[in-house]
Amino acid sequence: MEFIRKYYKPILCCIPLISLLLHWHVLNLDLVGIHVWRQTETQTVINNFYRDDINILNPRFNDHADTDRLHRMEFPVMQWLFAWFYRLLGPHIAVSRVLTFIIGLFSVYGIFFLCDQIFRNKTIATLCAWCFNFSPVFYYYTINPMPDNFALCCAIWCIGFFYSYLNTVKIKYILLSALFLCLATLAKLPFIIYGSFIFTFAVLALTRKVHTGKQLLRIALIYLLFLLPAIAWYIMVIPGWEIGGVKGMLDTRLNHPVIFDVLKGTLISILPELLINYGSVLFFIAGFYLMFKSKLYINRYFLIFLFWGITIIMYFLYEMNIIDIVHDYYLFPFLPPIFLLVAYGSYRLLACGNFLRPLSLFCLAILPLTAYLRIDSRWDTSDPGFNSVYFKYKNQLRDITPQNAYCITGNDVSHYILLYYIDRKGWAFDKDLFDENMLSFYISKGAGYLFIDSKIDTVPGIKAHLDKKIFDKETLRVYKLK
């Protein structure tokens, strides 16, 4: 305990070095693995900012070449910033991975800052940063370009600066907190729920009369003004979204057994295995138990944390049909409150004089290994999450067509992955939705090449439009179109 308090700065420096060492073999690896769909979607927007149009209001994807290809979902602040680095350093996937890693590093130091503001204890804050960094889900995405990383980082600093205001009553921290809440919400809409932390404080402050109405009104106006860009953006773009993602469980017909399976899978597998890390589960349980045993609930700010946690749980229940047990990155909002409990639990167990101290030290020491063992197989290039031919022959596939050629590719239900790998604009299709009429339409819009890994080239109506075969390896064939 004394060692951690005395050497917390070197430990904080070692965290990114250990993580970088474990991730080193991934830095130059192209996008593969779980949720490569979401990764290639993000990287496609970055590439198009870099090559075509740097206007942050015009994020584009490669599909639907007969349209303007605008793809307005979350506000692409991270993708836009990455594109500027591409202009400076060149279009290398390593640039995106390193920048994402740096964002993750700021998340780690943000959680240290937040924990230190809450407990006023560098030892607990250091334990929090260490355990948080080796959350398997964070460990995986901290090297994969996705806006969720940026949103999580900003959300952590939002709460950290707000708690600094609670400790100092300096309005500059409200300004910083509001700025980071805006950035988090712009990058990923669900992080608007972190505003519940501020809302609960305002209600308590008003009822307890620890702030005047004028002070609370000023705080509310600051947050509102900073959130206006995010509000304006989502008012503009949400009408164009698929409504199921907005309505959540209101737009589902999941039956009770399915809901039970999702809840069971989340509690039994996702929570301990991916969010917490098996090595930190003991700390999480201890933190939850000791929180009540030590009567932390009598703290004047406990209700703020309670309602913050309840709001995050309500978000999960609302979006449960979308999250399922697959979209683990949707659970990022849970990470800060989880690891505040983990940090407190680990600190209290290390303070014990019995067998719990060596056991806790062992659990802390193995966190990098358990995170690595759980996650590293996700970067298996032999099973990249799509047809591996595209990964193995990426450079050759890019060389056989002109750079400005429009290409049709499938089968690809994501509409992002394969067009990303051939690095061309065009159209992606799912095999069940492609026929000769679609092919004729795409040709009329300028399609020059067809990439297929199914047998549709034997269909007479399709075959009539094929010119010559220019690539044929394993399951993939590429045709020039008539």
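Visitor: How many disulfides does the structure hold?

Guide: This is a predicted model, in which local features need pLDDT of at least 70, side-chain atom pairs count only at pLDDT 80 or more, and totals for chains, interfaces and linings use all residues. Residues are numbered from 1 along each chain as its sequence is written, and side-chain values use heavy atoms, with hydrogens and water left out. A disulfide is a pair of cysteine sulfur atoms within 2.5 Å, and the number in the structure is zero.

Visitor: Why is Cys115 without a bond to the closest cysteine sulfur?

Guide: The closest cysteine sulfur to that of Cys115 belongs to Cys128. The two sulfurs are too far apart for a bond, because the separation is 4.1 Å.

Visitor: Is Cys182 buried or exposed?

Guide: Buried means under 20% relative accessible area, exposed over 50%, and partly exposed in between (1.4 Å probe, protein chains only). The relative accessibility of Cys182 is 6%, so this residue counts as buried.

Visitor: At what angle do helix α13 and helix α17 pack?

Guide: Helices are DSSP runs (H or I, at least four residues), numbered from the N terminus. Axes are lines fitted to C-alpha atoms over the stretch in contact, and angles run from 0 to 180 degrees between N-to-C directions. For α13 (residues 256-276) and α17 (residues 335-350), the axes are 12 Å apart and the angle is about 85 degrees.

Visitor: Which residues of α17 do Leu271, Leu275 and Ile276 in α13 meet?

Guide: Contact means heavy atoms within 4.5 Å. On the α17 side, the residues met by these three are Leu335, Ile338, Phe339 and Val342.

Methods:
Helices (H or I, at least four residues) and strands (E, at least two) are DSSP runs, numbered from the N terminus.
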